[in-house]
Amino acid sequence: MPTAAFASADAIRILFSRAMSDMYREEVPQYGALLRLVADVNEATLREHPKLRESLERAGEIERLSDERHGAIRLGTAGELATIARLFAVMGMHPVGYYDLSTAGIPVHSTAFRPIDDAALATNPFRVFTSLLRLDLVADPELRAEAAAILSRRSIFTPRALELTESFERKGGLTQPEAESFVREALETFRWHSQATVDRQTYERLAAAHRLVADVVCFKGPHINHLTPRTLDIEAVQRGMPARGIDPKAVIEGPPERACPILLRQTSFKALEERILFVGETGALEGRHSARFGEIEQRGAALTAKGRTLYDELLAGTRGEVQVGAAGAKAGDYAGELSARFAAFLDDATAMREAGLAWFRYAPTPAGLEAAAVGGAPDRSLEALVAAGHVAFDPIVYEDFLPVSAAGIFQSNLGTDAQSNAAASGRQAAFEAALGRPVHDEMALYAAAQARSIERTLAALEPTARRAVA
Ligand code: OOG
Ligand code: NI
């Protein structure tokens, strides 16, 4: 049983997300420049769009916005995945969703660790997109065995981080000093190490199989490879990047610009060329590795299964028609085609709600509460209350990721913007076996959030007199 003596999971997550941001700003100075640009754009957007500000305020999104970010790591073994799940659990982050990147020719599968309940999300929605290398997709059996052997020799967690995680599991929490120590120790797993754990030939053989294989296998740990702030206007940030010395990738991933944003739009700046040192070499001979990059995102409405199917169809149609080439060739055609196709996706919250395309969070309006105080509306079904103006609704923010977008982000940072639609198949069962538990189904989480808000709203609009009697 958690007691008052324990730091809350939310508090630990806030500490960790800030510590991670500070570390990354030191490691990648451009990240600091990006944070400043995003803060400027968000401020201007809120000033110019009072309606947006109101809706974000109603949803409790304003407070979390400046602290909101996601990161990504790539792990090498099932054991690493199972253990990181335990560390994230200390911070109230749980695996949600399964992402199969192999369909885009990337040898990983992934989940997102994030908070899942409304209050935790509102407090701080820190997410980590976590991938597990699929060595089964390395064709050469000898190289596969060699990679597995190298990975089996590393330990990516500090002994103290493991000890504190065990203590959390045993006692149900960490005291404040333990929590602070946990954050410092857990951070070590995400740190960049410029010293490779292998010699140059090994690195090159692994990189030849796939650059991602080298990135995962040749280092001491799963360095955080980006941290992504959330912007309210991704077009403005994309346009503003060059003036601040940041070189963005060619196309914004995800849906096109809309009046009512849906899901997730993302863009990134190119990976840094890092100087690395191989085993057996001195500083005189340096290697080069690109691992870390910058990304921004704009979040919109979480879609229902019906909305998501339509999104997937429209996106696939666009990508079938225009394929963006290396170095962003045809990026303009792609954006045009995307907008044209998405004309078929209703762009208005009321219409999207009526068509069942998105999830919504309902709340009583002041008029509704007044009416309840004097006996309530005659018809208290949700739809009647919405029609009477007694209930307002706002889209529920999408808290997850998109596999096609993620593939685009991976690819642009492996040195190409060329889109790829290659195929292999996912192995969710194997992933969950490695994780040691099933991932949460994101659709079920959104459906539950909507249902809870309806329940609360209807309860709040019960006529006051009747509530007093009951
Ligand atoms: C993860 C890329 C995916 C996103 O925002 O979709 C991602 C990686 O490169 O490891 O972070
Ligand atoms: Ni990302």
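How many residues apart in helix 1 are Asp-10 and Arg-13? In this predicted model, the two positions are three residues apart in helix 1 (residues 9-27), which places about one helical turn between them. Asp-10 and Arg-13 form a salt bridge in which the closest N and O atoms are 2.9 Å apart. The two partners have unlike surroundings: Asp-10 is partly exposed, with a relative accessibility of 23%, whereas Arg-13 is buried, at 0%. Asp-10 falls in the partly exposed class because its value is not under 20%, the limit for buried residues.

Helix 1 also takes part in a contact with a remote part of the chain. Glu-27, in this helix, is the partner of Arg-292, which is in the loop between strand 10 (287-290) and strand 11 (294-299). The salt bridge between Arg-292 and Glu-27 has its closest N and O atoms 2.6 Å apart. Because one partner lies in the loop and the other in helix 1, the pair ties together parts that are 265 residues apart in sequence. Arg-292 has a relative accessible area of 2% and is therefore buried.

A further salt bridge joins the side chains of Glu-399 and Arg-64, at 3.1 Å from N to O. Glu-399 is in the loop between strand 13 (391-395) and helix 18 (403-412), while Arg-64 is in helix 4 (residues 62-65); the pair links distant parts of the chain, 335 residues apart. Both ends of this bridge are buried, Glu-399 having a relative accessibility of 5% and Arg-64 one of 2%. Glu-399 and Arg-64 also belong to a network of salt bridges that links them with Glu-61, Glu-68, Arg-127 and Arg-230. In total, the model contains 39 salt bridges.

The model also includes a metal site. The nickel ion (ligand 2) has three protein donors, contributed by His-70 (NE2), His-226 (NE2) and Glu-295 (OE), which lie 2.1 Å from the ion. Along the chain these donors follow the spacing H-x155-H-x68-E. His-70 is in strand 2 (residues 69-75) and His-226 in strand 7 (residues 226-229), so that this pair links distant parts of the chain, 156 residues apart. His-70 and His-226 are both buried. The third donor, Glu-295, falls within strand 11 (294-299).

Technical notes. Residues are numbered from 1 along each chain as its sequence is written. Chains are lettered from A and ligands numbered from 1 in the order in which they are written. This is a predicted model: local features need pLDDT of at least 70, side-chain atom pairs count only at pLDDT 80 or more; totals for chains, interfaces and linings use all residues. Side-chain values use heavy atoms; hydrogens and water are left out. A salt bridge is a side-chain nitrogen of Lys or Arg within 4 Å of a carboxyl oxygen of Asp or Glu. Helices (H or I, at least four residues) and strands (E, at least two) are DSSP runs, numbered from the N terminus. Buried means under 20% relative accessible area, exposed over 50%, partly exposed in between (1.4 Å probe, protein chains only). Donors are N, O and S atoms within 2.8 Å of the metal (3.2 Å for Na, K and Ca); water is not among the atoms, so sites may look incomplete.
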